[in-house]
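Here is a short, friendly tour for anyone planning to look through this structure at the bench. Have the viewer open as you read.

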Amino acid sequence: MDVKAAPNGVATIEDRILRITGYYGYYPGYSSQKSTSRSSVTRCKPGANCPSSHSGISRQLSPLSVTEDSSAPILELQSRGSSGVCGHRVERPNRSGDDGTQTHPENSSQENRIKARCQSCTSMVLKAVWGLLIILSVSSSWVGTTQIVKITYKNFYCPFFMTWFSTNWNIMFFPVYYSGHLATAQEKQSPMKKFRECSRIFGEDGLTLKLFLKRTAPFSILWTLTNYLYLLALKKLTATDVSALFCCNKAFVFLLSWIVLKDRFMGVRIVAAIMAITGIVMMAYADNFHTDSIIGVAFAVGSASTSALYKVLFKMFLGSANFGEAAHFVSTLGFFNLIFISFTPVILYFTKVEHWSSFAALPWGYLCGMAGLWLAFNILVNVGVVLTYPILISIGTVLSVPGNAAVDLLKQEVIFNVVRLAATIVICIGFLLMLLPEEWDEITLRFINSLKEKKSEEHVEDITDSSVHLRTRSRANGTVSIPLA
């Protein structure tokens, strides 16, 4: 029975099935032509004349020729590629393209990770280099200031005038900061605009006359007392002893912060504070509790105490400050010192407490050197917090103790006995204990656990490598042995 062709051009149900299933070798009308050829072949009776049979067969088999068979699937793929009916040959190039699009973000993400790691390593190296330079600069400036004061005392002893003179140099702090801003900033600001921006440390309204008197006066007094007591202690004690005793200010800062600011209690810092107090007592005992020694120790401890009170009050009322705000505040202290404290050296001069013959007789070279190094020390302390880790600034301060000890030994001004040396070491150890972070115990435990995990992983890797080696050797020998591990 012959099947008539459908109106839509599909001859039989087989054509429809082949079209729907997407058979690769499908050729329109192939099934109908195949059935026609089959019917024509079967209807030829033996002995009958079938002149067109061979030609008909060849014409019906023409879609299966080499050229048309090779091109038909390609045309079918092109026509059906957008609909996604064809499966394998279309999906292979698409999959390769998808793999390419997937591997490209992976490669870019890996490159970004490598770049981020390189940048972090570079920043850490730069911070370490800057930290080394800042440590050397801070310690050398503090040692230089202390030694110049000792040299100046040989011919000129006016500690309050020296304190007042060096504090006036703080006015130059903000101009130095603004010069650095002009040299490094991409968007440069005018001096007044930068001054107003940095004056926000006093509040949203900036620096007013009321805030200038209210906030600057107590800090200026504490600043002057700290430096004045430090200079008085240098008259009674050696530079090494005074610098070591001044390192106790870290312990006093912790105690005041714990009492006033309700900071976190840390047992290790209590131990450091006890060590600092022990070092102070040992330092006084080093000279058998001599009068000058006890007075000098009292002056040095008083300087450390006022310095600690200054830092705690600054944190309480002003909070944390960036480099520009710190420069603004220190310059404001210099202005307050010049305006309101200038009468004190005048009174001391006319009362003959601190008297000198003439201004020409003053050792201006030593005075300017001391004030310049003191200003450099204050600038480096604030710059170092920006450029490197703050802990390195404290390390630079404590390194001034061995620096002063080396200079004192070279000058043969001090003979270290066992008690003085032990007191210096105890104070320095207490200072270093103060530098431990609050989570130092957790950090230590995590570090120990990471070391244990690394050792266990290395042990497992060694066992795995040995087992693989034994298996390869046994296979080479023709036997398989499983090591007991």
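What follows covers the cysteines, one helix and the largest pocket of this predicted model.

**Cysteines**

Let us begin with the sulfurs. A disulfide is a covalent bond between the sulfur atoms of two cysteines. Searching the whole structure turns up zero disulfides. Take Cys247: the closest cysteine sulfur belongs to Cys428 and is 5.7 Å away, too far for a bond, since a disulfide needs the two sulfur atoms within 2.5 Å. Seen from the other side, Cys428 is in no disulfide, and its nearest cysteine sulfur is that of Cys247. The table gives the burial of this pair.

| Residue | Relative accessible area | Class |
|---|---|---|
| Cys247 | 3% | buried |
| Cys428 | 15% | buried |

Both values fit the class because buried means under 20% relative accessible area.

**Helix α13**

Helix α13 covers residues 291-317, which is 27 residues. At 1.5 Å a residue it should span 39 Å, and its end C-alpha atoms are indeed 39 Å apart. After α13 comes Gly319, with a positive phi near 75°.

**The largest pocket**

Helix α13 also helps to line the largest pocket, supplying at least two residues, as do α9, α11, α14, α16, α17 and α19. Of the helices, α16 (364-387) gives the most to this lining, with seven residues. The pocket holds about 1,800 Å³ of space and is lined by 46 residues. Nearest its centre lie Lys250, Lys311, Val381, Val385 and Ser394. By type, the lining divides into 27 nonpolar, 12 polar and seven charged residues.

Notes
Residues numbered from 1 in each chain as written. Predicted model: local features only at pLDDT ≥ 70, side-chain atom pairs only at ≥ 80, totals over all residues. Heavy atoms only, no water. Buried < 20%, exposed > 50% of the residue type's maximum accessible area, 1.4 Å probe, protein only. Helix = DSSP H or I, 4+ residues; strand = E, 2+ residues; numbered from the N terminus. Expected span 1.5 Å × (residues − 1). 1 Å grid on protein atoms, 1.4 Å probe; cavity = no way out; pocket = protein on both sides within 12 Å on 5 of 7 lines; lining within 4 Å. Points joined across faces, edges and corners; volume = space filled by probe spheres on them. Nonpolar A, V, L, I, M, F, W, Y, C, P; charged D, E, K, R; others polar.
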